[in-house]
Amino acid sequence: MAAESGKIDPMHQFEVQTIWDGFNIAGHQIAFTNSALWMCIAALVLWAFMLGGMKRAVVPGRWQMLVENFTGFIDSMLAQNIGKEGRAYLPYIFSLFMFILFANVLGLLPLGLVGIHPFTFTSHFTVTGVLAILSFSIVLIVGFWKHGLKFFSLFVPHGTPLWLIWLIPAIEFVSFMVRPFSLGLRLFVAMIAGHILLKVLAGFVINAGNAGIIPGLGVGIPSFALMVGISALEILVAGIQAYVFALLTSLYINDAEHLH
Amino acid sequence: MDAEAAKLIGAGLAAIGAGMAAIGVGNVFGSFLEGALRNPGAADGQQGRLFIGFAAAELLGLLAFVVAMILIFVA
């Protein structure tokens, strides 16, 4: 990419390209894009991963141990943060965590070597925003279902002094309403920042290699070493961001379950 | 100063915010490690709180990054 011009275009990897034109509904083109394709791939890989581990053998093999480790991890997180009511949310939080994790890791795979360009769909706010709205609406539905209008007491924490009763609900309301934005924004920006960093460093390596042997050794090799390190960091970030998304969702659901 | 230069200077200034978030994240993990080494038995139970603190500190750095990206590509 852009080897001759020497100009790095780190945003090109985030372009949504149409694969199949799809159909037209009321003036809107519903197309099948590379984003949708990679969502399907992530779902398929996740399905295959779970299928291999759900054999329910009495003596579990390695694969089943791996899957059971994941479910146990999410289950203990919910038990810790929500309590025994948390079991009801296990399917949602588990699917959310695994889908985001698989999406992040699939986007990092070096498939470009064989000519397939992975598309990290979690690097788009439309995708993470929808996931965040999903979590937020579960909080609203559960809260109003269980507590009715008492749910609004969420905005007045216990022990609020009477003379602050005009201020605290306003602050709590803002912090409540900003949750879906911060939830979606965090995942999307963390993914986009890491991918831009990797592409910029890759541009350094290519341009330094083209500039001759001295810049190639002096700039290219250190940049490449840095890329290896950053790639390892990105795998860590992919896991942490999926975990943080699931953790914060479970905390918000805890608020809806128990008020505070 | 023309508008294009001002945008790029603003984007560069937003990097200060990213550096500040780095201090914040380092503080979160450093303090956790300090406490965890004093009482390793209690460390595992606090991992959830560790990541909540990490997420809150990190978000502000990511917001600084968003400001820089908006200045370069959108504004």
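Q: The expected span of a helix is 1.5 Å times one less than its number of residues. How do you know whether helix α1 (residues 3–38) of chain B fits that expectation?
A: Its 36 residues reach 53 Å from first C-alpha to last, close to the 52 Å expected at 1.5 Å a residue. The helix itself is a DSSP run (H or I, at least four residues, while strands are E, at least two; both are numbered from the N terminus).

Q: What kind of model is this, and which pLDDT values count?
A: This is a predicted model in which local features need pLDDT of at least 70 and side-chain atom pairs count only at pLDDT 80 or more, while totals for chains, interfaces and linings use all residues. As for labels, residues are numbered from 1 along each chain as its sequence is written, and chains are lettered from A and ligands numbered from 1 in the order in which they are written.

Q: What makes α1(B) a helix that lies largely in the open?
A: A residue is buried if 20 or more other C-beta atoms, placed from the backbone, lie within 10 Å of its own, exposed if 12 or fewer, and partly exposed in between. Of the 36 residues of α1(B), just one is buried, so the helix lies largely in the open.

Q: How do you know that helix α6 (residues 179–210) of chain A agrees with its expected span?
A: Its 32 residues should span 46 Å at 1.5 Å a residue, and the end C-alpha atoms are 47 Å apart, which agrees. After α6(A) comes Gly212(A), with a positive phi near 125°.

Q: Why is Phe245(A) called buried?
A: Phe245(A) has 26 other C-beta atoms within 10 Å, so it counts as buried. This residue sits in helix α7 of chain A. Leaving out residues up to four places away in sequence, Phe245(A) touches Leu96(A), Ile100(A), Leu183(A) and Leu187(A); touching means that C-beta atoms, placed from the backbone, lie within 7 Å. Across chain A, 25% of the 260 residues count as buried.

Q: What makes Asn34(A) partly exposed?
A: Asn34(A) has 16 C-beta neighbours inside 10 Å, so it goes in the partly exposed class. It belongs to helix α1 (residues 34–53) of chain A. Its C-alpha atom is 9.5 Å from that of His117(A), 83 residues apart along the chain. Not counting residues up to four places away, Asn34(A) touches Val16(A), Gln17(A), Ile19(A) and Phe119(A).

Q: And why does Pro222(A) count as partly exposed?
A: With 14 C-beta neighbours inside 10 Å, Pro222(A) counts as partly exposed. Pro222(A) is in α7 of chain A, and its C-alpha atom lies 8.7 Å from that of Val205(A), 17 residues apart in sequence.

Q: Why is the crossing of α2(A) and α7(A) called right-handed?
A: A crossing is right-handed if the near helix is turned clockwise from the far one by less than a right angle, and left-handed if anticlockwise. The axes of α2 (residues 62–81) and α7 (residues 213–258) of chain A come within 9 Å and cross at roughly 35°, and the crossing is right-handed. Residues making the contact include Ile74(A) and Met77(A) of α2(A) and Leu247(A) and Leu251(A) of α7(A). Those axes are lines fitted to C-alpha atoms over the stretch in contact, with angles running from 0 to 180 degrees between N-to-C directions.

Q: What makes up the contact of α6(A) with α3(B), by class?
A: The axes of α6(A) and α3 (residues 47–74) of chain B come within 9 Å and cross at roughly 65°, in a left-handed crossing. Among the residues involved are Arg186(A) and Val189(A) of α6(A), plus Leu62(B) and Phe65(B) of α3(B). They divide into nine nonpolar, one polar and one charged. Here Ala, Val, Leu, Ile, Met, Phe, Trp, Tyr, Cys and Pro are nonpolar, Asp, Glu, Lys and Arg charged, and the others, Gly among them, polar.

Q: Which residues of chain B does the UniProt annotation "transmembrane region" cover?
A: The unreviewed UniProt entry gives residues 6–29 and 50–74 of chain B; such annotations may be inferred rather than shown by experiment, feature names are shortened, and positions follow the numbering used here. In the model, residues 6–29 are 100% helix and 0% strand, with end C-alpha atoms 36 Å apart. Residues 50–74 of chain B are also 100% helix and 0% strand, and their end C-alpha atoms are 35 Å apart.

Conventions:
Two residues are in contact if their C-beta atoms, placed from the backbone, lie within 7 Å.
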